[in-house]
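Please examine the sequence and the three-dimensional structure shown below before attempting the exercises.

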Amino acid sequence: MTPGRPRKKTGALAAGTLVLAAMGCSAREPGLPRVQAARVILITCDTLRADRLGLYGYPRPTSPALDAFARESVVFEEAYSAAPWTQPAVSSLMTGRAPEEIGVVPGNVRRIGPDVETIAERFAARGIATAAVVSNLLLKRVEPPPGVQGPIGVSQGFGHYDDRMLSKESVRKLPERVASDTTAAAIEWLDSRGARAKEPFFLWVHYQDPHGPYTPPAEQAREFDQPVRDPTQLPLGKSMRGKDQIPLYQALDDERRVDVYRDRYDAEIRTFDRALGRLLAELEQRGLYEDALIVFSADHGESLGEHGYWFCHGENLHREVVRVPLVVRFPGGDGRGVEPGADGVRRVATIASHYDLWPTMLGALDIAPGPSRGLALLEPQRLPLERAVVQDFQPLEQARWWAVSDGRYRLVWSADNPAGRLFDIRSDPEERNDLANEDPARVRAMQAAHARWVSTRVGAVSSGSATASDLTEDLQRLGYVERAGGGD
Ligand SMILES: [Zn+2]
């Protein structure tokens with residue numbers, strides 16, 4: 001069996017046969033041994049579009065380290081985040097459940113409550129060491145409000161949670177941590193383990209660099225500067241929004257040429273990639289690389305002008321903000337039956353999502369995953385005929401958006417545009433050509449799939465938790481999250 005390249009039969013199915021992924025349901029087939037890893041390492045990068053990376057076909061040299069890593073891994077071509085904003089995206093990745101099930105819809109204000117189990121808690125309950133190094137302010141550990149018992153947010157379950165952020169963004173002056181410091185902090189934890197270094201652990205490292213404002217070190221900026229190709233210049237907005245304007249927080253002094261912003265974004269990716277390369281090399285040097293399960297992804301993407309949105313995320317649900325890179329290195333560099341393509345990279349075209357990381361990462365350390373919205377990646381299983389991945393998101397003080405993807409088509413609609421727009425992402429990856437009028441049956445089928453997805457809950461629905469810190473107020477003042485109460 002070759003679980004890699006697209007299962008041709010799925011594309012030929014009539015739209016009416018679209019069904020949901022059976023959650024947590026899998027039946028192992030003989031022949032392919034289960035994944036067994038000595039440890040699990042999850043590396044995520046903020047605001048990183050898949051299509052700006054060499055391994056996904058980008059011609060500029062933004063990601064040599066990640067490209068090399070991909071050549072001994074399996075690359076998922078069509079992987080999705082649960083949401084286009086950090087808090088709901090990362091919370092879903094860490095729980096295997098949808099944002100609306102775990103109380104983090106809409107926006108960035110609320111945290112998952114102590115009633116929601118995280119993957120780190122599940123590892124820790126089995127005596128496995130857990131550590132995280134995070135570099136986005138929204139991922140800082142926060143105190144629960146009065147009356148709430150226990151830790152809240154994605155830091156739940158981590159024995160070591162390093163959220164030191166000594167750098168500052170250029171406009172809002174929000175704390176953050178740059179890539180070289182993020183790598184150094186991860187190495188510091190690895191070295192602190194001493195004699196226990198090779199005992200099983202779950203390590204999560206989150207980089208921040210491609211998140212705006214795009215202010216790479218001068219050396220990287222020079223490397224990616226090129227003559228302006230697109231003459232567009234945009235006004236600087238008075239808000240943090242990116243519709244038809246440069247969001248206030250993205251301002252690069254008096255620069256208004258959009259191509260300069262795009263070049264700086266690329267340079268930020270290269271900055272991150274350099275630090276990633278060092279982390280992978282240090283893991284290898286310590287004998288922690290070869291027999292690990294190493295997962296790389298991004299929390300969400302970024303708009304670079306598509307659909308009129310500029311240098312922002314969290315304002316719509318088009319593909320550029322929810323499609324993410326997903327690269328998984330199985331122990332020993334095993335391809336799990338996926339054959340390399342002409343460029344030597346093993347690629348899987350079947351749709352995947354962050355939800356799949358829950359059963360994949362737990363299973364690698366032989367822990368029963370329990371229910372989630374995910375399917376273990378490249379475990380032989382009775383796949384549903386066709387799979388739907390849903391996003392449901394409310395941008396800052398704007399109408400709610402929904403999207404359904406099945407790997408071939410995406411249907412995107414919002415409260416302002418309830419009829420929806422349908423795109424064939426194989427021929428139209430930038431979602432420019434709306435097919436909704438030509439194929440109403442498919443629109444209906446995908447909306448029905450969405451309704452089934454929503455009605456099938458995984459576990460008790462949580463209302464999430466507010467935070468007790470001033471952090472939320474600061475973020476509201478800076479336009480980073482919606483007003484208080486907006487998440488209720
Ligand atoms: Zn983010």
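The exercises below each set a task and then work through its solution.

This is a predicted model, in which local features need pLDDT of at least 70 and side-chain atom pairs count only at pLDDT 80 or more, while totals for chains, interfaces and linings use all residues. Residues are numbered from 1 along each chain as its sequence is written, and side-chain values use heavy atoms, with hydrogens and water left out.

**Exercise 1. The chain as a whole**

Task: State how many helices and strands the chain has, and what percentage of its residues is buried.

Solution. Step 1: The secondary structure comprises 11 helices and 17 strands; helices (H or I, at least four residues) and strands (E, at least two) are DSSP runs, numbered from the N terminus. Step 2: Of the 488 residues, 62% are buried, where buried means under 20% relative accessible area, exposed over 50% and partly exposed in between (1.4 Å probe, protein chains only). Step 3: Take the contacts between residues at least 6 apart in sequence; 74% of them join residues at least 24 apart. Contact means heavy atoms within 4.5 Å.

**Exercise 2. Helix H5**

Task: Determine what span is expected for helix H5, and which elements help to cover its buried residues.

Solution. Step 1: The expected span is 1.5 Å times one less than the number of residues. Step 2: H5 holds 14 residues (179-192), so it should span 20 Å, and this agrees with the 20 Å between its end C-alpha atoms. Step 3: The buried residues of H5 include Ala179, Ile187 and Trp189. Step 4: Their cover includes strands S3 (129-133), S4 (160-162) and S7 (201-207), together with helix H7 (258-285). Step 5: Just after H5, Gly194 has a positive phi of about 50 degrees.

**Exercise 3. Backbone features in loops**

Task: Locate the cis peptide bond between Gly212 and Pro213, and state where His307 lies.

Solution. Step 1: The bond between Gly212 and Pro213 is cis, with omega about -5 degrees. Step 2: Pro213 belongs to the loop between S7 and helix H6 (218-224). Step 3: His307, although not a glycine, has a positive phi of about 55 degrees. Step 4: His307 lies in the loop between strand S9 (303-304) and strand S10 (310-312). Step 5: His307 counts as partly exposed because its relative accessibility is 25%.

**Exercise 4. The open sheet**

Task: Give the strand order of the four-stranded open sheet, and identify the strands at its edges.

Solution. Step 1: The order is S14-S15-S16-S17, with antiparallel pairing; two strands pair if DSSP finds at least two bridges between them. Step 2: S14 and strand S17 (417-424) are at the edges; each has a single partner strand, so one side of each lacks a neighbour in the sheet. Step 3: S14 and strand S15 (residues 401-405) are joined by five bridges. Step 4: In this pairing, Gln391 is opposite Ala403 in S15.

**Exercise 5. The nonpolar cores**

Task: Which residues touch the most other members of the largest nonpolar core, and which helix gives the core its largest share?

Solution. Step 1: A nonpolar core is a set of buried Ala, Val, Leu, Ile, Met, Phe, Trp, Tyr and Cys residues joined through side-chain atoms within 4.5 Å. Step 2: In the largest core, of 94 residues, Phe76, Phe123, Phe202, Trp204, Leu293 and Met361 touch the most other members. Step 3: H7 supplies the largest share, 10 residues. Step 4: A second, separate core has 17 residues, among them Val390, Trp402, Ala449 and Trp453.
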